[in-house]
Amino acid sequence: MNIDEQTNIKSYIINIKLNKMAYSEKVIDHYQNPKNVGTLDKTAKNVGTGLVGAPECGDVMRLQIQVDDAGMITDAKFKTFGCGSAIASSSLATEWLKGKSVDEALKIDNMDIVEELNLPPVKIHCSVLAEDAIKSAINDYRVKNGLEEIKFEESVVH
């Protein structure tokens, strides 16, 4: 079996698993064609990095924002190790972050992500991770720029 055949079989199996879980088309699209995968310079003063994980499922999400002098998010990148819902939540979050002010970004709620992606109840924790990664990235940016860290209520994932 050559590499193309192996890739096609893996893709077919992934599609079966995704469809079996009754994922929405948006989840499948963000999983198969994720937006803004990559990294920004974590040492740059205008870059905030959030790294979060969910021990119960093994998902790990790194989300980064780049902020201009006016406080607008000009770029966002992510790298996520996890299931299709975690990848989709990260991808969607980076799309939503670009063009928002830091204050507007703080208003992104995990339930907005759940609704947009139509996540199944067992995957809601993935949207919580994305929200937590956004908050963590914003706090990293704030601390780097001499601003006080914002204290958030601890997220509870069931």
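## A walk through the fold

Visitor: Which residues touch the most other members of the largest nonpolar core?
Guide: This is a predicted model, and its largest nonpolar core holds 32 residues. Those that touch the most other members are Met61, Leu63, Ile65, Ile73, Leu97, Leu117 and Ile134.

Visitor: And which helix gives the most to this core?
Guide: Quite a few elements chip in with at least two residues each, among them strands S1 (47-54), S2 (59-67) and S3 (73-81). Helices on that list include H2 (25-32), H3 (84-97) and H5 (110-117). The top contributor, with eight residues, is H6.

Visitor: Let's step back to the whole chain. What pattern does the chain follow along the sequence?
Guide: There are six helices and three strands to place. Reading along the sequence, you get α-α-β-β-β-α-α-α-α.

Visitor: How much of the chain do buried residues make up?
Guide: The chain has 158 residues. Take contacts between residues at least 6 apart in sequence, and 59% of them join residues at least 24 apart. As for burial, the buried share of the chain is 42%.

Visitor: In what order do the three strands form the sheet?
Guide: The sheet is open and its pairing is antiparallel. S1 and S3 each pair on one side only, which puts them at the edges. Neighbouring strands are turned by 15° against each other on average, ignoring direction. The order is S1-S2-S3.

Visitor: How many residues lie between S1 and S2 in their hairpin?
Guide: These two strands run antiparallel and are joined by eight bridges; one pairing sets glycine 48 against isoleucine 65 in S2. In the turn, glycine 58 has a positive phi of about 85°. The number of residues between the strands is four.

Visitor: Which glycine in the turn between S2 and S3 has a positive phi?
Guide: S2 and S3 also run antiparallel, with eight bridges joining them. Valine 60, for example, has phenylalanine 81 in S3 as its bridge partner. Their hairpin leaves five residues between the strands, and the one with a phi of about 85° is glycine 71.

Visitor: Back to methionine 61 for a moment. Which residue in S3 does methionine 61 stand opposite?
Guide: Methionine 61 is one of the core residues that touch the most other members. Leaving aside neighbours within four places in sequence, its contacts include Leu51, Val52, Lys79, Ala86, Leu129 and Ala133. Directly opposite it in S3 stands threonine 80.

Visitor: Is threonine 94 buried or exposed?
Guide: Threonine 94 lies in helix H3. Beyond its neighbours within four places in sequence, it is in contact with Lys35, Asn36, Leu63, Ala76, Lys77 and Phe78. Its relative accessible area is 0%, so threonine 94 is buried.

Visitor: How many of the eight residues in S1 are buried?
Guide: S1 is an edge strand, pairing on one side only. Even so, S1 is mostly covered. H6 packs on the sheet, touching S1 and S2. The buried count for S1 is six.

Visitor: What angle does H3 make with S3?
Guide: H3 lies across S2 and S3. For H6, which touches S1 and S2, the direction makes about 145° with that of S1. H3 runs relative to S3 at about 175°.

Visitor: Are H5 and H6 parallel or oblique?
Guide: Their axes come within 8 Å and cross at roughly 130°. That angle makes H5, relative to H6, oblique.

Visitor: Which residues of H5 and H6 make the contact?
Guide: The crossing of these two helices is right-handed. From H6 come Ile124, Ser127, Val128, Ala130 and Glu131, and from H5 come Asn110, Ile113 and Val114.

Visitor: Last one: how does H3 lie relative to H5, parallel or perpendicular?
Guide: The two helices have axes 11 Å apart and pack at an angle of about 110°. An angle from 65 to 115 degrees counts as roughly perpendicular. So H3, relative to H5, is roughly perpendicular.

Visitor: Which residues of H3 make that contact with H5?
Guide: On the H5 side you'll find Asp112, Ile113, Glu116 and Leu117. Of these, Leu117 is among the core residues that touch the most other members. The H3 side brings Ala88, Ser89, Leu92 and Trp96.

Methods
Residues are numbered from 1 along each chain as its sequence is written. This is a predicted model: local features need pLDDT of at least 70, side-chain atom pairs count only at pLDDT 80 or more; totals for chains, interfaces and linings use all residues. Side-chain values use heavy atoms; hydrogens and water are left out. A nonpolar core is a set of buried Ala, Val, Leu, Ile, Met, Phe, Trp, Tyr and Cys residues joined through side-chain atoms within 4.5 Å. Buried means under 20% relative accessible area, exposed over 50%, partly exposed in between (1.4 Å probe, protein chains only). Contact means heavy atoms within 4.5 Å. Two strands pair if DSSP finds at least two bridges between them. Axes are lines fitted to C-alpha atoms, for helices over the stretch in contact, and angles run from 0 to 180 degrees between N-to-C directions. Angles under 35 degrees count as roughly parallel, over 145 as roughly antiparallel, 65 to 115 as roughly perpendicular and the rest as oblique. A crossing is left-handed if the near helix is turned anticlockwise from the far one by less than a right angle, and right-handed if clockwise.
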